[in-house]
Amino acid sequence: GSGVGLSLVLGFGVAYACYYLNSIAKKPQLVASNDRFCRFLEEYCPVVTETYYPTIWCWEGRVQTLLRPFITSRPQVQYRNELIKTADGGQISLDWFDNNDSSYYPDASTRPTVLLLPGLTGTSKESYILHMIHQSETLGYRCVVFNNRGIAGEELLTPRTYCAANTEDLEAVIHHVHSLHPSAPFMAAGVSMGGMLLLNYLGKTGRDTPLMAAAIFSAGWNVFESVESLEKPLNWLLFNYYLTTCLQSSISRHRQMLEKLFDMDLVMKARTVREFDKQFTSVMFGYRSIDDYYEDASPCRKLKSVGIPVLCLNSVDDVFSPAHAIPVETAKQNANVALVLTSCGGHIGFLEGIWPRKCTYMDRVFKQFVQAVFEHGNKIFSM
């Protein structure tokens, strides 16, 4: 009996290993029309051409998305906070990691700087942001995290928060950071909504930006498709309802300020992201309808205008950004854009290794691309 049981276990193990190696572990699809950009990535960011081996017991997209915040470690980071004023009387909280102990770049005036943009309700405390800072620290770079208005504990001075389409605050932050360190190489990385906001900014500014390049992770390319995917029963249960409550929680602390303009009781009754955006976000930023807001917020509509090198990582099993909505054909029309599409990874997941606590595939892409831009960027800036 024990022999038969062992044979069954071994047989299942072999069958699962074969399935994993043949169907799960795959090289990502690299989409780029510019041969020079492709060669640059292959030489200096080789991770985008290597087989991605998702965690063998946790490769499905929804599972990766759910488990990443609990599995991955949280590196210790000491921030220096700065509050900057905006033209409309508001304030933005920036968290700086100065890396003054950098042995590679002891001169702060020329120390490369990475601006980090968290996701929809994320702050500088998110584990994926902490890992990006840890990777940057090992390379000697400085980081600054752009916390959206009212999200990181600071007071909301005006009845305005943020959205994926309005780039005014991001423009103010980029100008501020660049003015402080005008001689320092400067690039940005955005995650999820932070990536959408960064893409919308780049689509608006073209080449007229102090940023050398940008990295985008798990962006929702078409908001209509994203919310439709998130409203499917299982996805609503796992993600949509929770995300809606996070949005409501992020504004409830500022209720006294916001109820000057909004029916907060109605906003707090929302049960989906779409309902929240209809009652709150689209109204705040003056859109005639939620469809107008979603059209303006979708980066796929601005990708053709991006004027600096951008690397975008998505997983095709990401329910926040369905595979059919990823603008592959549009990306091929812009020599500045490269898409890296993995078969697994979920939304900001990309877990790998047996026990994926310290480093994800996304972390490795970030580290290699940032280092490639800062140390070898002259080879792509003439594109």
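**Notebook: annotated site, strand β4, T55 and E228**

I began at H347 and listed what it touches beyond four places in sequence: G61, T65, S192, S218, D318 and F320. I note here that the model is predicted.

**Entry 1, H347 and its surroundings.** I placed H347 in the loop between β9 (337-342) and α14 (361-376). Its relative accessibility is 7%, and the cut-off for buried is under 20%, so I logged H347 as buried. I then checked the side chains of H347 and S192 and found a polar contact of 2.9 Å joining them.

**Entry 2, the annotated set.** I looked up the UniProt record, an unreviewed entry, and its "active site" annotation covers S192, D318 and H347. These residues are spread over 156 residues of sequence, yet they cluster in space, with a largest C-alpha distance of 10.9 Å. From this set, S192 and H347 belong to the lining of the largest pocket.

**Entry 3, D318.** I found D318 in the loop between β8 (310-315) and α13 (328-331). Is D318 buried or exposed? With a relative accessible area of 2%, D318 is buried. Setting aside neighbours within four places in sequence, I listed S218, G346 and H347 as the contacts of D318. S218 also appears among the residues that H347 touches.

**Entry 4, the annotated domain.** The same kind of lookup gave "domain: AB hydrolase-1" for residues 112-353, again from an unreviewed UniProt entry. Over residues 112-353 I read 41% helix and 14% strand. The C-alpha atoms at the two ends of this stretch are 30 Å apart.

**Entry 5, strand β4.** I took β4 (residues 113-117) next and checked burial along it. Five of its five residues are buried, so the strand is largely enclosed by the rest of the structure. In a regular strand the side chains alternate between the two faces of the sheet. I therefore sorted the residues by side: T113, L115 and L117 lie on one, V114 and L116 on the other, and both faces are covered.

Which strands does β4 pair with? I found four bridges to β5 (residues 142-147), running parallel, and five bridges to β6 (residues 186-191), also in the parallel sense. On the β5 side, L116 stands opposite V145. On the β6 side, T113 stands opposite F186. I also traced the connection to β5: β4, helix α4 (residues 127-139) and β5 make a right-handed β-α-β unit.

**Entry 6, T55.** I moved to T55, in the loop between α2 (35-44) and α3 (61-71). T55 has 0% relative accessibility and so counts as buried. What lies around T55, leaving aside neighbours within four places in sequence? I listed Q64, L351, E352, G353, I354 and P356 as its contacts. For G353 I looked further and found its backbone oxygen 2.9 Å from a polar atom of the T55 side chain. G353 is also the residue at which the annotated domain range, 112-353, ends.

**Entry 7, E228.** I closed with E228, which sits in helix α7 (residues 223-230). At 47% relative accessibility I logged E228 as partly exposed, because exposed would need over 50%. I also took its C-alpha separation from R160: the two residues are 68 residues apart along the chain and 26 Å apart in space.

Terms used. Residues numbered from 1 in each chain as written. Predicted model: local features only at pLDDT ≥ 70, side-chain atom pairs only at ≥ 80, totals over all residues. Heavy atoms only, no water. Buried < 20%, exposed > 50% of the residue type's maximum accessible area, 1.4 Å probe, protein only. Polar contact = N/O pair within 3.5 Å; in protein donor to acceptor, adjacent residues only side chain to side chain. Contact = heavy atoms within 4.5 Å. UniProt positions renumbered as here; feature names shortened; annotations may be inferred. Pairing = 2+ DSSP bridges. Right-handed = clockwise from strand over helix to strand, strands pointing away. 1 Å grid on protein atoms, 1.4 Å probe; cavity = no way out; pocket = protein on both sides within 12 Å on 5 of 7 lines; lining within 4 Å.
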